[in-house]
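Biologist: Could you sit with me and show me how to read a multi-chain model? I would like to learn one feature at a time.

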Amino acid sequence: MPTAHICSIVPISKTVGANRIIPSVAIPHPLGDPDKSPAEEKAIRRRLVEMALQALETEIAEQRVFD
Amino acid sequence: MANKIRVIHCLNQFFGGLGGEEKGGLAPQWFEGPKGPGLLVQQLSADIEVVGTIAVGDNYIAEHPDDGGREIVALIEAQIARDPDLRPDLVMAGPAFAAGRYGMSCGAICQAVQEQLHIPAVTAMHPDNPALDIYRQALTAARAGVDVMGMRDAVDAMVRVGIKLVAGEAIIPSEDGTIPRGLRRNYFADATGAQRAIEMLLRKLNGEEIGTEYPMPAFSRVAPAAPVADMAKATLALVTSGGIVPRGNPDRIESANASKYGEYSLEGLDRLSAESHQSVHGGYDTTYANEDPNRVLPLDVVRELVREGRIGRLSETYYATVGNATSVKRAEAYGREIAAKLVNVGVQAVILTST
Amino acid sequence: MTLTLLRHSVQTVTLGGTAGITGGTLTVDADALCSHLQTRDDRLTSIQIGLAVPGDATRIVCVKDVVAPRTKKAGKEPGTGTLCVLDNVAVVTCGPIVAFQEGIIDMSGPGADYTPFSRFPLVVLEIDVGDGVSPHEHEAAVRSAGLDAAEFIARSCIDADPDVIEMVAWEPPHGGPELPRIAPELPRIAYLYMVLSQGLLHDSYVFGRNAKDGLPLAVDPRAAFDNAIVSGNCVSACDKNTTYHHQNNPVIAELLRGHGSRWTFVGVVISNALTRLAEKQRSAAAAVKLVADMNVDGAIVSKEGFGNPDADLMMILRGLEQAGIKASAMTDEFAGSDGDSQSLADAAPEADAIVSVGNANERIELPAMTTVFGPLPDVTRLAGGYPHSLREDGTMEVELQAIMGSTNQLGYGRLSCQEV
């Protein structure tokens, strides 16, 4: 089944063979940002998840980074 | 005089003198003492006594993949029960040279003997033998030539490696002429890492052979799965390697090199919180994840998207493990198991988050 | 400008009595040290000072850092002037676990072979902090205490006669294509020194500043000997670069040893490993540029931690290769307990000269010990430990990952790994 990988270190994700890759914010908070307000964080999080959904709906022939 | 090393030698129908291709389906048969190449084994080492020989047809194990190795083990156990002096210190199989079916047979036998009888086993084959695709990591295999012209050298190598195995000595491909198993083993070098790095750089600068201690791997690739036509009609599951678990870590997932993954319920939860969940991952600063676990496992926005109809359904079970120092092999195993469970409950797509 | 090291070789350590060093015996005034630390930091609620001696059945758990006592006697610039150095002794800080990654030191038995700290006496500080202290504060308090203690002990010996006076000379050689090269027949080599900077228990400090900022930076190689780099992290005891490792950086020591005879040691670039991809790329590119500006033939690269720092390493190696600089690098491996798994998280064809300092997943059986410093039950929560690691009889099975310095990536030890 299709899997969207949300992660910070894209080169590693590519090296280990993930096919649908969504670059996230940072290692300790991939879907958040403590420097921002909670509302802004949630908006960032939502955008990343929506990107992931889009990736899950996209036909690909090889590894792709969605951002 | 020291006791001789007792060997049981396994070979195929041809080298056992029982026939050719037509006898390929021969079930395992026991013979007292050495046969064929086994006689050469005894000739080449005064320390070895071949107490028995098992001949099995080249096709037999291929036709009995699950039971074949076990049958050989049972045959050996039966002989030992009959006469305890037949208990071997070592099992030898082959040499199989480049013969694929014979190689598979030797591989299965050695693996079974090692795992079920806990007796060392050694074989010999050509480095291109197809059996190595399956058995490479399990086998101590001396390097042999392509065919029976290399019999003497192959048996000689097998004998030397076998004696070392029995003595419990470490087997090193470059020293002992074995086929690399693809396993990494620690040892203490004469020089420090810093000294070795400098000498290695100098070799590289001088255009000499570098002698890298870690050749770069080629990671395996998986073909991309077909997309989901419309996530609004699909069931999504969440998985994370970021170590997000229910507060208290009920399954005691380790902070590094996790020996397990957890299966947890999201029922009744609209979002994760510092009270309900925590991060047990030892490889990153978990302060932010502990304050708000949605930063690693985005339950809050996923729930919203389900309510809005952008996602059909969220599976109420999520999977979590810790990706810190967890070896790729283990992670692959977890992935396979989790995938099977998800497929079973009708999940069609996964969002995997990592830190 | 020279760096002069006044080296005092410690044979034995006693706690209690007049502080100082005479005839190889270092006396630590434990009571005075205790008050000194508590006066400086009221977050510290409990400090126990003990001694761990090589060969004893002693185990130290939840080790946060190891620090060599050395103090500046004269001079201002880091890496120049006069340093009073105590050899064959170190301060070890331990205590209740802050978060997962603290290590074990065994003074005897099979575990002792895997840590350099089993070879000389250790002054062990078991430290606890008040209940309201946050994890960040806890780490900072223990880190400061370790550094203060090492400084306190070194200061007590500052006027004693050294056993050896070592002069370390180094000048930044002229760089650039248009300037004359010193000893042109010798290869020009630089050292690219990555330190970890990723948050709580993942930080380092360079010239007192968090390594997240101000790096990459070209520095005098001798600055490392002069307490320039302090560890604030425990990413797994096996490849944590303790402050001691930084103070005794083996790459710098070896490169200085051959400087002018086998190679020209052109300089050191300290760089960091951050948590955002763009930041990693920026640091890697900037570090490579600093090295390239030194007009070198080759570079040694070291790292800290594993997993995401593997990506930094690969970026750096690719960058150096593209800049026409040949590089070798040191790294440990996480190849699984049986050695059958992929060892690194990232790979690159440019990484063709790699020294392996060992597979940290290999397991080791450790015997029970008579004396234990630190909270033994916390061993099961250590990176490299398992819930079942610790047995009732005090024996344990852990991965090398849990042992302090076992796969040190500065190349301090002799552990290596090969394919079998």
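Biologist: Which domains is chain B divided into?

Modeller: This is a predicted model, so please keep that in mind throughout. In the domain assignment, chain B splits into domain 1, covering 5–176, and domain 2, covering 231–353. The C-alpha centres of domain 1 of chain B and domain 2 of chain B are 47 Å apart.

Biologist: And how many helices and strands are there in chain A?

Modeller: Chain A has two helices and three strands. Following the sequence, they come in the order β-α-β-α-β. Along the principal axes, the C-alpha atoms of chain A occupy a box of roughly 40 × 25 × 15 Å.

Biologist: Let's turn to the interfaces. How many residues does the contact take from chain A, and how many from chain B?

Modeller: Chain A contributes 38 residues and chain B contributes 44 residues to their contact. Another way to read an interface is by area: chain A and chain B bury about 3300 Å² between them, with 62% of it on carbon and sulfur atoms. On the chain A side, A:Met1, A:Arg46 and A:Glu57 lose the most area to chain B, together making up 20% of what that side buries.

Biologist: A:Arg46 catches my eye. What does B:Glu308 form with A:Arg46?

Modeller: Here is the general idea first. Side chains of opposite charge can pair when their charged atoms come close. In this case B:Glu308 and A:Arg46 form a salt bridge, and their closest N and O atoms are 2.6 Å apart. Between chain A and chain B the count is seven salt bridges. Polar contacts across that interface come to 16 residue pairs, where both residues have pLDDT 80 or more.

Biologist: Which elements of chain A each supply at least two residues of the side that touches chain B?

Modeller: They are β1 (3–7), α1 (10–16) and α2 (38–56) of chain A. The element that gives the most to this side is α2(A), with ten residues. By class, the side of chain A that touches chain B has 17 nonpolar, ten polar and eleven charged residues.

Biologist: How do β1(A) and strand β14 of chain B run, parallel or antiparallel?

Modeller: β1(A) and β14 (residues 349–353) of chain B run parallel, joined by four bridges. To find one on the screen, start at A:His5: its bridge partner in β14(B) is B:Leu352.

Biologist: Now the other interface. How many residues does the contact take from chain C and from chain B?

Modeller: That contact takes 76 residues from chain C and 59 residues from chain B. Together, chain C and chain B bury about 5600 Å², of which 57% is on carbon and sulfur atoms. Three salt bridges cross this interface. One pair to look up is C:Asp352 with B:Lys204, a salt bridge whose closest N and O atoms are 2.6 Å apart. There are also 28 residue pairs in polar contact between chain C and chain B, both residues being at pLDDT 80 or more.

Biologist: And which parts of chain C take part?

Modeller: Elements that each supply at least two residues to the side touching chain B include α4 (250–257), α6 (308–322) and β25 (415–419) of chain C. That side of chain C has 36 nonpolar, 23 polar and 17 charged residues. Strand pairing appears here as well: five bridges join β7 (residues 184–188) of chain B to β25(C), and these strands run antiparallel. Within β25(C), C:Leu415 is the bridge partner of B:Phe188.

Biologist: How many salt bridges does the structure hold over all chains?

Modeller: The total over all chains is 44 salt bridges. One of them joins the side chains of C:Asp148 and C:Arg40, at 2.9 Å from N to O. C:Asp148 belongs to helix α2 (residues 135–155) of chain C and C:Arg40 to helix α1 (residues 30–40) of chain C, so this pair ties together parts that are 108 residues apart in sequence.

Biologist: Finally, what should I look for in the backbone?

Modeller: Most residues other than glycine have a negative phi, and most peptide bonds are trans. Now for some exceptions here. B:Gly94 and B:Pro95 are joined by a cis peptide bond, with omega about 10°, and B:Pro95 sits in strand β4 (residues 90–97) of chain B. C:Leu215 and C:Pro216 are also joined by a cis peptide bond, with omega about 5°. C:Pro216 is in the loop between β15 (209–210) and β16 (217–219) of chain C. As for phi, B:His118 has a positive value near 55°, and B:His118 lies in the loop between α4 (100–117) and β5 (121–125) of chain B.

Definitions and conventions:
Residues numbered from 1 in each chain as written. Chains lettered and ligands numbered in written order. Predicted model: local features only at pLDDT ≥ 70, side-chain atom pairs only at ≥ 80, totals over all residues. Heavy atoms only, no water. Contact = heavy atoms within 4.5 Å. Buried area = accessible area lost by both parts, 1.4 Å probe. Salt bridge = Lys/Arg side-chain N within 4 Å of Asp/Glu carboxyl O. Polar contact = N/O pair within 3.5 Å; in protein donor to acceptor, adjacent residues only side chain to side chain. Nonpolar A, V, L, I, M, F, W, Y, C, P; charged D, E, K, R; others polar. Pairing = 2+ DSSP bridges. Domains from an automatic or database assignment.
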